[in-house]
Amino acid sequence: MSTSTLTISAPDTSHPTRGGALLRFLRAFVKRPAGLAGLAILVCVAVLALAAPLYMGQNDLDVTKVSGPLLAPPSGGYPLGTDQAGRSILLLVLWGARSSLAIGAIATLLTVLLGSSVGLLAGHYQGWIGKGLMHLTDWFIALPSLPLAISLAAVLGQGSTSITIAIAVTSWTGTARLVRAQTLAVEARPYIERARALGAGNLQVMLRHVLPNVAPLIMVSSTLTVASAILSETTLTFLGLGDPTSVSWGSMLDAAFAGGAMTAGAWWYLLPPGVAILIVVLGFTLTGRAVEHILNPRMGVGT
Amino acid sequence: MSLATDPPAAADPATGARNHDSAPRAAAARSAFLHYLGSKLLAALVSFAITLLIGFVLFQLMPADPVQTLTRGHPTSYAQMVHLRHQLGLDQPVWRRFVTFVANTLQGKLGDSWQFQQPVSGLIAARLWPTLLLTGASTVLSIVVGLWLGVRSGWRHGGLLDKVTSSVALTFWSVPTFWLGMILLIVFSVGLGPIPALFPAGGMSDPSLPQTGFTHIVDVARHLVLPAATLVLVVFAQYTTIMRSSIIDELGSPYLLTARAKGLTDALVRRRHAVPNALLPSVTVIFLQLGGLVTGAITVETVFSWPGLGYLTYQALQVPDLPLLQGTFIFFSASVILMNLLADVAYRFLDPRVRAQ
Amino acid sequence: MVVRESRRIRAVLAAACVSGLLLAGPAALITATSAAADSSTSATSGTTLRAAMDSSGVDTLNPFLAYFDGALGIFGDVYPALNSVSADGTSGPYLASSWTTSADKLTWTFKIRSGLTWSDGQPLTAEDAAWTFNLIMTNSTAATANGSLVSNFASVSAPDATTLVITTKVPQANMLSVSVPVTGIPIVPKHIWEQHTGDLKNFKNDSYPLVGYGPWQLTDYKPDQYAKLDANKTFVLGAPKFDHLIEPVYKTQDAAVAALRSGQLDFVSTINPTQYQALRGQQNLDSFDAAYHHWVAVEMNPGAKTRSGKAIGTGNPALADPAVRTAIALATDKKTLVTKVINGLGEPGAGYLPPAWKQWAWTPPAGEALDYDPAKANATLDTAGYTKGSDGIRIDPKTHKPLELRLGIHSDSARDTAISTYMSGWLAAVGIKVDIQSLSMSKLNDNLAKGDWDLLMDSWSTGADPTYLLGIQTCATLPMDDGTGGNTDAFYCNPEFDKLFQQQQTAFDPAQRSQIVGQMQDILYKANSDLILYYDNQLNVVRTDTVKNLAAGTADANGMLPAQALFWDYINAAPAKAAGSSSSSGAVGWGVGAAAVVLLAAGGLVIRRRRSNSDERE
């Protein structure tokens with residue numbers, strides 16, 4: 001929510017020099033330990049997830065091939081215990097990162113594409129198109145996101161595709177508003193007028209001049225969107241809208257909840273997926289906030 | 001978790017003087033306010049109309065024949081199925097169903113649930129109070145806890161309390177609500193290690209106790225503790241964050257320096273000058289949250305067997321029972337739209353700059 | 001002036017808080033006061049049995065409409081039936097003390113007990129039964145839930161208060177299962193219900209205490225919360241030992257089990273294997289497993305056809321080949337499913353009817369059993385011409401496409417999820433690729449009816465009378481050409497099977513009927529359109545410090561009890577000690593609960609006080 005107050009103070013009179021800005025940005029980022037920690041977490045998780053096929057075989061997750069004890073607490077061979085089919089929880093959590101991150105990333109990509117296009121168009125064309133788009137955004141904002149996502153996913157049918165779509169459809173509005181506001185600010189700058197005077201068309205203004213200035217903002221907003229998309233994925237899967245047979249953190253929690261893990265006191269089945277979600281969401285949030293603070297020094301002190 | 005409107009900046013104390021308006025200006029302001037109210041009302045109505053349309057389109061796209069589902073597992077003859085299909089209005093053309101749908105919705109008739117075979121509005125009404133109790137109590141607690149922490153951590157930002165609060169708030173924001181509920185349930189209701197089972201595992205009251213009087217109220221409160229705590233832990237951060245940043249914004253204001261110069265104690269300056277001005281943005285957030293909180297209850301009610309609307313939605317989802325899902329969707333949307341409208345009005349009523357426009 | 005602004009804000013903030021309280025306050029009050037009316041009827045004195053309601057809950061208390069097991073369980077307890085069913089499935093007397101059939105087996109004459117009264121004092125006679133049956137036969141709304149049970153009835157009449165005469169169109173062997181508690185038709189008081197026949201659809205039947213007759217009387221019901229019942233101490237089949245029965249609703253079995261552990265519940269039925277094992281051997285708890293008339297299966301689409309023989313749907317044509325279905329059966333390791341999915345608490349499947357009903361138990365003859373044998377499965381497919389492609393997946397010789405099958409599972413079923421991952425592994429080992437599709441209940445049943453499926457997870461439980469379960473395998477249940485009218489289980493259709501089905505319906509000699517039903521199961525086993533994976537036990541847990549004698553029967557060598565009927569279990573259960581238990585561990589919870597109430601009230605007061613004070617402080 002803090003993103004919505006965000007405005008970027010960029011030089012007004014000339015094109016910003018991108019190389020220099022990047023360097024300045026990196027220098028500022030290194031000075032933010034929380035942001036660095038967040039980024040480090042994300043890099044670690046991403047590497048572990050991408051490299052998963054290198055250090056584990058599909059046989060480790062195939063219930064007909066594994067031989068572990070059923071729902072057993074942590075032990076030497078199984079550092080985080082086993083699930084009800086005798087699979088290692090540790091391996092499941094690591095493998096689950098792949099689909100959880102993938103859904104988070106794809107949903108965010110869709111969100112950003114949708115949100116930025118609407119925002120850019122609404123900011124650039126200030127006539128009835130802009131007004132119409134802004135009204136559309138407002139209407140969507142008024143709709144409660146979880147019930148809408150639930151209804152969408154229920155209608156589209158179970159599975160990760162419909163969950164991804166449901167997340168994107170319910171979370172693009174924030175990005176759209178941000179991008180519109182920033183587009184308005186950028187287009188008010190003198191150099192845009194100059195570009196127009198030199199004969200730049202609508203498309204050129206939007207893509208060559210406005211978009212590069214809005215991009216950092218989109219990046220910040222998308223970092224935070226990934227965090228909430230991962231949380232939404234978990235919630236929708238828990239409500240039974242995901243694909244229960246694919247290994248993801250949401251489906252693990254769903255299986256643990258439905259399978260009586262609470263009665264069995266199987267904390268090793270319930271805790272790891274939740275903690276994994278916590279770590280990744282924290283990683284995205286910390287990174288996003290650090291970037292946000294650098295781009296917008298007015299945000300003040302803290303976290 | 002995203003918020004609907006821009007959190008407004010803190011009130012500018014310098015404009016407070018505009019309260020002392022002369023009569024003609026007050027009249028003009030009143031008509032401006034009515035105009036504002038009218039436009040917001042219209043926007044809310046349009047939102048509701050769109051909700052109806054989306055609701056109908058969504059739930060008509062669903063191709064599955066509910067009759068097969070309803071009768072599965074039960075001896076059913078063909079004639080029974082035809083009768084059931086007719087009873088549910090499934091043998092009518094789509095446009096006719098839409099007209100009927102809009103007319104009925106406006107009269108509060110949300111159709112009959114497929115699985116419960118009774119009016120959706122009645123099902124919603126029967127579960128409204130438990131949900132209001134849960135969300136109402138959580139709201140009060142979150143407001144109290146969230147704002148208090150926000151003031152304290154903003155006033156001494158960078159201090160220990162600030163750091164602890166921010167980390168705790170960030171942590172709870174980063175976990176799925178239902179997972180937090182499950183953990184609380186294991187620790188405090190099943191009992192973990194030396195911790196005994198302190199609270200009931202679910203439901204709203206213990207039916208073997210008398211359902212009246214103070215015992216009953218305490219019993220309900222006892223059942224309320226864990227689900228409400230789950231919601232509060234996830235939500236309070238919203239209030240803390242906004243309160244904290246508005247307090248920080250106030251810190252540099254000249255009027256605070258003046259107040260201090262007058263020799264007021266730190267606590268008095270905070271309580272009587274900084275907090276009141278920093279409250280404005282929070283108020284808007286509170287109203288926005290009131291609508292959102294109802295939907296936040298969906299997973300929590302499922303985990304804690306709370307007999308409310310959230311669990312009803314979950315039940316509807318399992319079939320899926322489309323009229324019921326449609327009904328809860330419309331109901332949730334309407335309550336959010338209403339709360340947004342209230343937030344707009346409250347904001348206008350409070351912020352002198354907006355009023356003066 | 002700064003403070004002027006602030007007062008306004010404070011006022012609104014207080015308003016927000018108060019509106020929060022207002023949301024909460026009346027809710028608490030309403031729950032408190034609305035219950036006040038009931039407390040007079042359900043006395044708090046006496047002993048109480050607290051048993052978790054079936055997690056399906058109650059859909060409606062109107063017995064002509066209800067489908068959910070929670071509701072059916074309540075009807076069994078509060079409305080009478082013609083016959084009772086003992087736990088082993090034999091029908092006995094209830095309202096009817098004896099019965100005779102005519103020589104042509106078309107006319108049944110029931111002798112109805114005299115001197116029974118409904119709970120409001122009105123006499124309970126044969127007329128009530130005749131009226132109930134006639135209503136279901138003539139009123140299509142009344143037929144919603146139980147219409148098919150009377151579809152063979154020609155007429156029902158009550159010539160006098162103690163005689164009920166039912167004539168059927170063709171002989172009906174399962175007549176004594178038509179009106180039985182829980183699974184059959186409940187008989188309702190005519191003097192109450194005849195006022196509601198015009199608007200039966202909207203009659204909620206929710207005025208308490210409910211007028212009925214049975215071991216219990218319903219005194220209160222709150223949706224999604226609980227049902228309260230009082231014992232009928234003059235019940236004709238034996239009075240319940242407890243004075244009250246409370247059935248709280250828990251959305252998850254874990255919550256119910258947690259309540260049981262902390263002493264807020266006495267009994268939870270149908271827990272899952274993980275919970276069963278966690279609870280076994282715990283102090284004051286007796287978790288017992290009992291035979292269960294239930295199975296879990298994989299249906300295979302043998303080539304969906306309509307009644308007229310027109311092929312429909314998108315089923316993979318390879319499954320029409322018996323060799324493929326046999327290979328799938330051979331590739332499925334049922335024993336491992338039993339040990340891993342249900343922790344050994346059940347039996348690998350074979351016959352179509354659950355062996356818990358001993359009278360229908362059937363096992364494949366020696367040498368014909370399709371036991372787990374992946375090598376044989378591979379050989380079967382090789383012989384039938386399905387050669388493996390380079391990626392290990394077999395190619396269908398007729399369509400030249402890879403052998404890839406969809407497996408539809410119920411998205412809300414953890415059991416289906418678990419089983420499907422095993423099936424997919426085993427079938428991959430014999431060169432069949434499985435695409436698991438998680439479907440909502442509606443979607444799955446819709447696909448099933450249209451024939452748009454290859455493999456589907458399926459499960460059924462059955463009462464002692466197998467007519468319905470056998471019936472869904474007959475050609476008569478195939479859909480018509482327009483896609484309607486079908487309730488087939490898996491598009492199985494075999495005239496030979498249908499002939500036997502007719503025969504068993506009119507076979508009045510139990511041994512003869514059992515023999516025919518055995519032949520039918522043999523046919524189904526060889527057809528492999530329903531691959532029965534396992535029969536699971538029913539797992540229950542009861543508190544031993546508050547309840548005794550709940551479970552009926554004696555355990556066999558494996559510690560398994562015979563099948564249980566909750567109808568009888570609740571009647572037989574007796575208090576283990578004089579008073580109900582009080583849980584001490586919850587004391588802190590009570591304290592916190594009280595503190596929360598005080599805190600909320602105080603919070604409201606403080607806000608109000610602050611508001612009034614701020615004026616003075618100016």
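## Getting to know a predicted three-chain model

What covers the buried residues of H9(A) includes H3 (89-124), H8 and H10 (267-295) of chain A, along with H7 (177-191) of chain B and H11 of chain C. Keep in mind that this is a predicted model.

Reader: Let's stay with that helix. How many of the residues of H9(A) are buried?

Author: H9(A) runs over residues 249-258 of chain A. The helix is largely enclosed by the rest of the structure, because the buried residues number 10 of the 10. Among them are A:Trp249, A:Met252, A:Asp254 and A:Phe257. So the count you want is 10 of the 10.

Reader: Which residue with a positive phi follows H9(A)?

Author: Look just past the helix, which covers residues 249-258. There the phi is positive, near 85°. The residue is A:Gly260.

Reader: H11 of chain C was one of the things covering that helix. Which element of chain C gives the most to the side that touches chain A?

Author: The contact between these chains takes 23 residues from chain C and 23 residues from chain A. On the chain C side, H6 (253-261), H7 (273-279), H11 (414-429) and S18 (433-439) each supply at least two residues. One of these gives the most, with 8 residues, and that's H11(C).

Reader: How do the residues on that side of chain C divide into nonpolar, polar and charged?

Author: We're talking about the 23 residues that chain C puts into the contact with chain A. They divide into 8 nonpolar, 11 polar and 4 charged.

Reader: Back to chain A, then. How do H6(A) and H8(A) run relative to each other, roughly parallel or roughly antiparallel?

Author: H6(A) spans residues 160-187 and H8(A) spans residues 202-238. Their axes come within 9 Å and cross at roughly 160°. An angle over 145 degrees counts as roughly antiparallel. The two helices are therefore roughly antiparallel.

Reader: And what sort of residues make up the contact of H6(A) with H8(A)?

Author: The crossing of this pair is right-handed. By class, their contact has 12 nonpolar, 11 polar and 2 charged residues.

Reader: H5(A) also packs with H6(A). What angle do their axes cross at?

Author: H5(A) covers residues 145-156 of chain A. The crossing with H6(A) is right-handed. The axes come within 9 Å and cross at roughly 145°.

Reader: How many charged residues are in the contact of H5(A) with H6(A)?

Author: From H5(A) come residues including A:Leu148, A:Leu152 and A:Leu156, and they meet a set in H6(A) that includes A:Ile163, A:Ile167 and A:Thr170. Of the residues in this contact, 10 are nonpolar and 4 polar. As for charged ones, there are no charged residues.

Reader: Let's move on to chain B. How many helices and strands does chain B have?

Author: Read along the sequence, chain B follows the pattern α-α-α-α-α-α-α-α-α-α-α-α-α. Of its 357 residues, 56% count as buried. The secondary structure comes to 13 helices and 0 strands.

Reader: What about chain C, how many helices and strands are there?

Author: Chain C has 618 residues, and buried residues make up 53% of them. Its secondary structure comes to 17 helices and 23 strands.

Reader: How far apart are the centres of domain 2 and domain 3 of chain C?

Author: The domain assignment puts domain 2 at 80-199 and domain 3 at 294-536. The two do touch: 10 residues of domain 2 are in contact with 11 residues of domain 3. On the domain 2 side, those are 4 nonpolar, 5 polar and 1 charged. Their C-alpha centres lie 36 Å apart.

Reader: Which residues of chain C does a cis peptide bond join?

Author: Most peptide bonds are trans. In chain C, a cis bond with omega of about -5° turns up. One partner lies in the loop between H5 (190-193) and S8 (216-222). The bond joins C:Tyr208 and C:Pro209.

Reader: C:Asn284 has a positive phi. Does C:Asn284 count as buried, exposed or partly exposed?

Author: C:Asn284 lies in the loop between H7 and S12 (285-290) of chain C, and its phi is near 65°. Inside 10 Å there are 14 C-beta neighbours, so C:Asn284 counts as partly exposed.

Methods
Residues numbered from 1 in each chain as written. Chains lettered and ligands numbered in written order. Predicted model: local features only at pLDDT ≥ 70, side-chain atom pairs only at ≥ 80, totals over all residues. Domains from an automatic or database assignment. Contact = placed C-beta atoms within 7 Å. Nonpolar A, V, L, I, M, F, W, Y, C, P; charged D, E, K, R; others polar. Axes fitted to C-alpha atoms, helices over the stretch in contact; angles between N-to-C directions. Helix = DSSP H or I, 4+ residues; strand = E, 2+ residues; numbered from the N terminus. Parallel < 35°, antiparallel > 145°, perpendicular 65-115°, else oblique. Left-handed = near helix turned anticlockwise from the far one by under 90°. Buried ≥ 20, exposed ≤ 12 C-beta atoms within 10 Å, placed from the backbone.
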